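Colleague: Could you walk me through this one? I would like to hear the reasoning behind each answer as well as the answer.

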Amino acid sequence: MLKSDVQEEVYYGRIVADDWSIYIAATEKGLCFVGSYNEGYEEMKSWFARRRPDARLIEDANRLSDYKEQLLEYLKGEREHFNLPIDLIGTAFQTAVWEELQKIPFGKTTTYSTIAEQIKRPASVRAVGTAIGSNPVLIVVPCHRVIAKSGKMAGYRGGIPMKERLLELERSLD
């Protein structure tokens with residue numbers, strides 16, 4: 001069978017909590033996409049067209065109930081850690097960066113250069129930033145916890161306001 005003949009089924013739904021609205025998606029293997037704050041279906045559809053073009057998006061809130069429950073608990077300040085399977089597809093470098101992100105403690109921040117050092121690629125700070133920007137599972141793989149060495153907010157796929165809001169949420173619970 002040709003690769004283009006195989007469509008991966010991806011189930012999606014939307015989380016709404018207070019003024020948060022976020023689209024999420026999962027395969028049979030795990031969570032594969034968490035969208036940006038108050039972005040619509042088009043953001044998710046566009047992301048899949050670029051990153052996982054063989055995906056067939058199927059709206060199915062029931063299949064996402066565990067993911068939605070844990071993300072809602074986090075957004076309400078009731079959860080610090082996730083216990084969810086994730087399905088990430090990336091290069092070896094991206095995967096190394098995403099694994100390192102998952103080690104950042106709740107309520108803490110680190111820098112792009114620290115992540116580069118921890119994956120034993122200290123000269124790859126910009127590449128680390130690019131890999132972080134490609135993180136498909138916002139919040140669960142906590143790229144919002146990475147800031148510039150100067151202490152300032154740096155890029156975030158969900159936008160700087162979302163990043164600041166997530167960090168504030170975590171600081172208020174820490």
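Modeller: Happy to; what follows is a set of questions and answers on this predicted model.

Colleague: Let's start with the cysteines. How many disulfides are there?

Modeller: A disulfide needs two cysteine sulfur atoms within 2.5 Å. For C32, the closest cysteine sulfur is that of C143, and at 15 Å the pair is too far apart for a bond. Looking from C143 leads back to C32, again at 15 Å. By this rule the number of disulfides is zero.

Colleague: And is C32 buried or exposed?

Modeller: The cut-off for buried is under 20% relative accessible area. C143 meets that with 2%. C32 has a relative accessibility of 0%, so this cysteine counts as buried.

Colleague: Now the strands. Which residue of β3 stands opposite A26?

Modeller: Strand β2 covers residues 20-26 and strand β3 residues 31-34; the two run antiparallel and are joined by three bridges. They form a hairpin with four residues between them, and G30 in that turn has a positive phi of about 155°. The residue opposite A26 is L31.

Colleague: S21 caught my eye. Which side chain makes a polar contact with the side chain of S21?

Modeller: S21 sits in strand β2 and is buried, at 12% relative accessibility. Beyond four places in sequence, S21 has contacts with R14, I15, V16, S36, Y37, N38 and E39. Of these, the polar side-chain partner, at 3.1 Å, is R14.

Colleague: What about T111: which side chain makes a polar contact of 2.8 Å with the side chain of T111?

Modeller: T111 belongs to strand β5, residues 110-111, and with a relative accessible area of 14% this threonine is buried. Apart from neighbours within four places in sequence, T111 touches V146, I147, A148 and K149. Its side chain also has a polar contact of 3.2 Å with the side chain of S113. The partner at 2.8 Å is the side chain of T114.

Colleague: On to the helices. Why do the buried residues V128, A131 and I132 lie on the same side of α5?

Modeller: Helix α5 spans residues 125-133, and V128, A131 and I132 are buried there. An α-helix has 3.6 residues a turn, so residues three or four places apart point the same way. Here the three are on the same side of α5 because they cover an arc of only 100°.

Colleague: Then which exposed residues does the opposite face of α5 carry?

Modeller: The buried residues of α5 are covered by elements that include α3 (92-101), α4 (112-118) and β6 (146-147). The face turned away from that buried side carries two exposed residues, R126 and T130.

Colleague: How wide an arc do the buried residues of α3 cover?

Modeller: In α3 the buried residues are F93, Q94, V97, W98, E100 and L101. Among the elements that cover them are α4, α5 and β6. These buried residues lie on the same side of α3, because they cover an arc of only 160°.

Colleague: How many residues does the largest nonpolar core have?

Modeller: The residues with the most contacts inside this core are I24, V34, V97, L101, V128 and I139. At least two core residues come from each of β1 (8-17), β2, β3, α2 (65-75), α3, α4, α5 and α6 (160-173). Apart from it lies another core, of ten residues, including Y12, A25, F33 and M44. The largest core has 40 residues.

Colleague: Which residues does L101 touch, leaving out those up to four places away in sequence?

Modeller: L101 is one of the residues with the most contacts inside the largest core, and it is also one of the buried residues of α3. Outside that sequence window, its contacts are I115, I132, V141, P142, C143 and V146.

Colleague: Last one, on the backbone. What is the phi of I139?

Modeller: Most residues other than glycine have a negative phi, and most peptide bonds are trans. N38 has a positive value near 60°; this residue is in the loop between β3 and α1 (41-51) and is partly exposed, at 39% relative accessibility. I139 is in the loop between α5 and β6 and counts as buried, at 1% relative accessibility. The phi of I139 is also positive, near 75°.

Notes:
Residues are numbered from 1 along each chain as its sequence is written. This is a predicted model: local features need pLDDT of at least 70, side-chain atom pairs count only at pLDDT 80 or more; totals for chains, interfaces and linings use all residues. Side-chain values use heavy atoms; hydrogens and water are left out. Buried means under 20% relative accessible area, exposed over 50%, partly exposed in between (1.4 Å probe, protein chains only). Two strands pair if DSSP finds at least two bridges between them. The arc is that of the directions from the helix axis to the C-beta atoms. Contact means heavy atoms within 4.5 Å. A nonpolar core is a set of buried Ala, Val, Leu, Ile, Met, Phe, Trp, Tyr and Cys residues joined through side-chain atoms within 4.5 Å. A polar contact is a pair of N or O atoms within 3.5 Å; within protein, one must be able to donate a hydrogen and the other to accept it, and residues adjacent in sequence count only if both atoms are side-chain atoms.
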